[in-house]
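Me: I would like to take a close look at one part of this protein and then see how that part sits in the whole. Could you walk me through it?

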Amino acid sequence: MPVLIRSAGRVLGPLALALPALLVACTSEQPPTPPPTDPGPVEVAAARDELAALAAAAQDRHLVAQYAFSRAGQPDRMIVFTSANDGSWRVDVPGGALGGTADVSLAATADGLFQCALPSAGRPNPARCVRLGERDDALPRRLDPRVQHPLTDWLDVLTDRRAPLAVAPADPPKGLTGTCYSVDSTSASLNAPLDVGIYCYDRDGTPTGVRTETGTLKLAAPPGPAPATVQLAGPVVVDGEPLDTAAPPTPDPTGSSGAGTP
């Protein structure tokens, strides 16, 4: 009997030593906790779809609307936007040229893209218009007041699902109403397809407000009915020159031409 007991001890000894190691190994090989599901991409995609639908409704929305335009350091201005039933449009921009001293109107019709100089306190001349190109041509930066884009060509960008945009729901900025979205560009290019900011719309597609680095547009009154087509503010001058947005250079009070004194 003593021999049997000693033999059993020799067999059980190694098993007793190995059991804790096996338990530790099993414990350490438990499957990791799966990461939580991220609903972010779904919400982002839904916001992009919602904004595209509202922008498409805005393209089909024909109206006459007044927008208050505000920008830091400048007095508020009243922008008048007309989207006619035939697809033509016109935007009247007080202080839209010559450093804010001249009023202009931009219009796109079947005949092309036009800039019209409007009578104003600084320029009491009669209205005259200059053709800038085809109606879908890009406006040169030196002539571009930029306030018209959220109401016109940027709607094409917002409806284009291939455009490099990041869209998310946003609370309306102070003073704005409607359903709002934060829009950012995901493109590394310096020429972003539109200005990043907050874009707001009514249910029927009426743009109710936009806030970008250019300034803030706010719908000032309920829109009115659209005309059949837009009318230019004045006659087209064939050899006329459009007005730049930049202020003209300040005249030299000495009358010097800058040439050196002999």
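Which side chain meets that of Arg131 in a salt bridge, and what is the N to O distance? Please also describe the surroundings, from the loop that follows to the sheet.

Reply: Happy to, with the reminder that this is a predicted model. The side chain of Arg131 meets that of Glu134 in a salt bridge, at 3.1 Å from N to O. Side chains of opposite charge can pair when their charged atoms come close. Neither partner is hidden away: Arg131 counts as partly exposed because its relative accessibility is 39%, and Glu134 counts as partly exposed because its value is 47%.

Glu134 lies in the loop between β6 and α3. Leaving aside neighbours within four places in sequence, Glu134 is in contact with Gly112 and Leu113. The C-alpha atom of Glu134 is also separated by 8.5 Å from that of Ala110, a residue 24 places away along the chain.

Now let's follow that loop, which runs between β6 (128–133) and α3 (154–159) and also holds Asp144. With 10% relative accessibility, under the 20% limit, Asp144 counts as buried. The side chain of Asp144 makes a polar contact with the side chain of His149, at 2.7 Å. Beyond four places in sequence, the residues that Asp144 touches are Leu139, His149 and Thr245.

The loop takes part in another salt bridge as well, in which the side chains of Arg146 and Asp195 meet at 2.9 Å from N to O. This pair links distant parts of the chain, 49 residues apart: Arg146 is in the loop between β6 and α3, while Asp195 is in the loop between β8 and β9. Asp195 counts as buried because its relative accessible area is 9%.

One more pair is worth a look: Asp160 forms a salt bridge with Arg162, where the closest N and O atoms are 3.3 Å apart. Asp160 counts as partly exposed because its relative accessibility is 25%, and Arg162 is exposed, with a relative accessible area of 75%. Returning to the loop, salt bridges that share partners join Asp144, Arg146 and Asp195 into one network. The structure holds eight salt bridges.

Next comes the sheet. Eleven strands form an open sheet with antiparallel pairing, in the order β6-β5-β4-β3-β2-β1-β11-β10-β9-β8-β7. Strands β6 and β7 (165–170) stand at the edges with a single partner strand each, so one side of each has no neighbour in the sheet. Neighbouring strands of this sheet are turned by 20° against each other on average, direction ignored.

Further along the sheet, β1 (residues 63–71) and β11 (residues 215–219) run antiparallel and are joined by four bridges, with Phe69 opposite Leu217 in β11. Strand β10 (residues 207–212) also pairs with β11 over four bridges in the antiparallel sense, and here Val210 stands opposite Leu217. A hairpin of two residues joins β10 to β11. Strands β8 (residues 179–185) and β9 (residues 197–201) pair in the antiparallel sense over five bridges, and Thr179 stands opposite Tyr201 in β9.

Finally, the whole protein has three helices and eleven strands, following the pattern α-α-β-β-β-β-β-β-α-β-β-β-β-β along the sequence. Of its 262 residues, 35% are buried. Among contacts between residues at least 6 apart in sequence, 52% join residues at least 24 apart. The accessible surface comes to about 15600 Å², and 59% of it belongs to carbon and sulfur atoms.

Key
Residues numbered from 1 in each chain as written. Predicted model: local features only at pLDDT ≥ 70, side-chain atom pairs only at ≥ 80, totals over all residues. Heavy atoms only, no water. Buried < 20%, exposed > 50% of the residue type's maximum accessible area, 1.4 Å probe, protein only. Polar contact = N/O pair within 3.5 Å; in protein donor to acceptor, adjacent residues only side chain to side chain. Contact = heavy atoms within 4.5 Å. Pairing = 2+ DSSP bridges. Axes fitted to C-alpha atoms, helices over the stretch in contact; angles between N-to-C directions. Areas by Shrake-Rupley, 256 points an atom, 1.4 Å probe, with all protein chains shown as cover. Salt bridge = Lys/Arg side-chain N within 4 Å of Asp/Glu carboxyl O.
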